Amino acid sequence: MKHGIHFFNCSVLATAIQDFTAVIKEDPSNAQARLYRGRAYAKQQQYGDAIQDLAAAVHLDPSCWLAFYYRGCILRQIDPKRAVQDFSVSVLINDTQENFLSFLHRGLIYSEQHQWSNFLCDFQSVLALDSSIIFAYLNIGLILLLHLDQYYEAIRQFSNAIEIDPLNVRAYVCRAQAYHKIHNLPNAVKDINRAIHLYPNKSQLCLLRGQYLMELKKYELARLCIHQLAEMDGDSFISQPVQQALIQSFCQNHDKAIDCLRQATATQPEPSMLVLLGKIQMKAKKTKDAVRSFKKAMKLLMTSAKILPNTFEAAEMYYLTGLCYMERKNLSRASDAFSMAIRLHSSYPDAFYQRGLCRMHLGKAKCIQDFNRALAICPSHFQAYMGRATYYGSKGRYPKAILNCNEAIKILPNSVRAYFYRGTLKYQNKAFKAAIEDLSKTIDLNKTCIVAYYNRAVCYYQIKDFRKALKDYGILLLLGLSKEIAFKVLINRGLLYMELEDYANACEDFKEAILLSPDDSQIFQTMGICYYRLHEFEEAVRSFDQVLKLDPLSVDAYVARGTSYMENGHEDGCKQAQKDFLRAVHLDPNCIKARICLGYNLQALRKLQRAWSQFTVAICIDPKCHAAYDGRASVCLQMGETFAAFQDASAALKLTTTAPLLTNRGVINQLMGHLPCAMKDYQQAISVDPNYALAYFNAANIYFQNRQFSQAYCYYSKVLQLDPRNESAILNRAITNTLLNNIEEAKEDFEKAICLSPSSAAVYFNRANFYNALKQYKLAEKDISTALSIQPNDALMYKFRADIRGKLGFNKEAVEDYKQAISIQEQIDSM
């Protein structure tokens, strides 16, 4: 036995086999002899004899873990299932470092069967037994990289291998590819450079470096790599069409790459080369040609029975064909192609995902099953989670869609797409602040993500943070936008400015929008409204003219243009406005707004009965139109029908309670002499809208009339807080201050009143009264003279000046003023 073991160890296998055979003849139950002879037969590739001896050794000594191990090694290729059983028994008997190869070989079988979780368990066991085995780190990293998409963990495994062996070229190359997957191109280039330094004559490494440099947009360095590669390989480079095609493809010279591979496949057609040709044709957007290439590759793979083998290679051809059909929007054929890929290789997560996408676009509910299958095969499939999120989002099931985005973000924590879509879903779910957080993260990851800025601006608008919304719209307009997006941004920002009552800036945005869409009547309409709010009525009319050129039947444009004509205050403008309102009523007899505007127009032209009729028709059309009741009330009031006006104002208030309506009824009550009711209306108007200045002003006037000067003073002051340029309120407060003996305050108010209305005779007249009371007759005489220069035919003012001049001792001038006052009064009486 010792003699045989010696020759076995020295690889003199024939002599060793003779010695072990002699031992077995003498002792048929010698398990060790069977084990060694079986190993010797295996080394001589006599696998049948080897398996018989190893089986006998197992039978004679069931605890012989080596026999199970070696038999498993022989069965690995021919019977993987039995090999797994043998390795499993071997590690069951001996799970120490001595038997780590059983774990390793069993793991390799699992990898061939795509049982990734079992593979990882076995290789992790190998590392637990011996942490210095580089092969294990590399293979775990490759599975994580190529099949499970766990790129960060793959990088860690390759780094462990490099730490043990800093000169391992393969570890550097694999780690570079993992860095490339997570778009960490600088580190990918560093690792490839290290690999080239260790293995300078490997052309494939130069090729990878060129690719990475191209993606980094360092085109000059990439070009140098390609020239270096060509020089390095010399003639062999030209003789390798696949490598040449890859290089041309990386340089975006797809046509040259395609020509190169076509020549190669014409002389030596191989499935792998045709698949590569199809992939490059896909990059060149020649999807029809790509489909033909994949079909040729399928024909070469077919067996004599015209059946494709159940291999990943065959499945990938159908998968790529499906991608081509998707590019051409032929979703039904794409779905069929992905189904064939799944039939040939049932553990193909990408095929399930793509078929799910097709089915989703075709409106088939089964798409969710495909996404689920993809995730069952590959739980870290980012795209499948995003596909599922899209499906649930399209069905309005936003919480479930958000949960899927959460899972996708766990896989790719820096995914712009995942954060953006989750932000969009949160917006749809009306969680605007949470949506802003996700969209802000999207912008942090991609500073030029146009749709993220746009959606965030919309979210800011929803939470009333207008300043930030305007900022985002401003940033968008600085980026290179397409015409359609720029148009939407300008419109949105213009509408936002309108809401902020910044009509000047709104107009500027709408002007820019018109340049992008000159035939959009709605923009002209909105811009006309802005000009109207800016009191630029002529510009408003021009804008509405443009609307009517583009849309001659626009009722809103006629009404808006008529309103703008009305605001000019000229009789011609009123007549032109009337034409527009009549056209609007002709186009749409039930247009309440047109009839109300026409009513006010007729009222302004003193055609009160016709105005009353228009308001009445509006009420008949819509008995709940409070504006029509309010308009008719004003006409009734002007016609002297005070009680009818009161009834209409009350009817309007039954429909809605607003400060203007209450104030209007208060005025009617005041005219009817019902001062307590009028005051009650004014106070209620103030409670409805504490910022409605007119209600305060009218209430102050009643207080003044009742000689409640302190209350009147307070209310006039409130009016001026709300409307500092209200000249009537300033004048009335000046008079009130005079009566309250607030001399200095009265002086200030009269000065303000004159600044606001320097051509108002009433202001000068009242200040003259003020100075007269103070016995400052010169100042009083000066003011009353100014008042008379503005309003020369006022008998009362001449009499007042005569009185003042008399006090100053200007008797002659006083007499002249008395005579003038009498003359004017006589003319008035004779009329």
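In this report a residue is called buried when its relative accessible area is under 20%, exposed when that area is over 50%, and partly exposed in between. The structure described here is a predicted model.

## Overall composition

The protein chain contains 49 helices and zero strands. Of its 831 residues, 49% are buried. Among the contacts in the chain with a separation of 6 or more, 44% involve residues that lie 24 or more positions apart.

## Aromatic pairs

The count of aromatic pairs comes to 18. One of them joins Y319 and F338, whose ring centres lie 5.7 Å apart and whose planes form an angle of 50°, a tilted arrangement. This pair links distant parts of the chain, since Y319 belongs to helix 20 (residues 312-327) and F338 to helix 21 (residues 331-344), with their positions 19 residues apart. Y319 has a relative accessible area of 11% and is therefore buried. F338 is buried as well, because its relative accessible area is 0%.

A further tilted pair is formed by F770 and Y771, with 5.5 Å from centre to centre and 50° between the planes. F770 counts as buried because its relative accessibility is 2%. Y771, at 10% relative accessibility, is likewise buried.

The table sets out these two pairs.

| Aromatic pair | Centre to centre | Angle between planes | Arrangement |
|---|---|---|---|
| Y319 and F338 | 5.7 Å | 50° | tilted |
| F770 and Y771 | 5.5 Å | 50° | tilted |

Y319 and F338 also belong to an aromatic cluster, which is formed by F312, Y319, F338 and Y348.

An aromatic ring may also take part in another kind of arrangement, with a charged group placed over the ring. Here the charged end of K464 sits over the ring of Y461, at 5.7 Å from the centre of that ring.

## Helix packing

Two pairs of helices illustrate how such elements may be placed against each other. How do the axes of helix 47 and helix 48 cross? The axes of helix 47 (residues 777-790) and helix 48 (residues 795-808) come within 10 Å and cross at roughly 155°. An angle over 145 degrees counts as roughly antiparallel, and helix 47 and helix 48 are therefore roughly antiparallel to each other. The crossing of helix 47 past helix 48 is left-handed. On the side of helix 47, the contact is made by Y777, K778, A780, E781, I784, S785, A787 and L788. On the side of helix 48, the residues in contact are M797, Y798, F800, R801, I804, R805, K807 and L808.

The second pair consists of helix 30 (residues 483-499) and helix 32 (residues 521-533), whose axes come within 11 Å and cross at roughly 25°. Helix 30 is therefore roughly parallel to helix 32, because angles under 35 degrees count as roughly parallel. Helix 30 passes helix 32 in a left-handed crossing. F487, I491, L495 and M498 of helix 30 meet I523, T526, I529 and C530 of helix 32.

## A proline in helix 6

P80 lies in helix 6 (residues 80-93). Is P80 buried or partly exposed? Its relative accessible area is 27%, so P80 is partly exposed. Along the chain, P80 and R106 are 26 residues apart, and their C-alpha atoms are separated by 9.0 Å.

Terms used
Residues numbered from 1 in each chain as written. Predicted model: local features only at pLDDT ≥ 70, side-chain atom pairs only at ≥ 80, totals over all residues. Heavy atoms only, no water. Phe/Tyr/Trp six-rings, centres within 6.5 Å; stacked < 30°, edge-to-face > 60°. Helix = DSSP H or I, 4+ residues; strand = E, 2+ residues; numbered from the N terminus. Buried < 20%, exposed > 50% of the residue type's maximum accessible area, 1.4 Å probe, protein only. Lys NZ or Arg CZ within 6 Å of the ring centre and 35° of its normal. Axes fitted to C-alpha atoms, helices over the stretch in contact; angles between N-to-C directions. Parallel < 35°, antiparallel > 145°, perpendicular 65-115°, else oblique. Left-handed = near helix turned anticlockwise from the far one by under 90°. Contact = heavy atoms within 4.5 Å.
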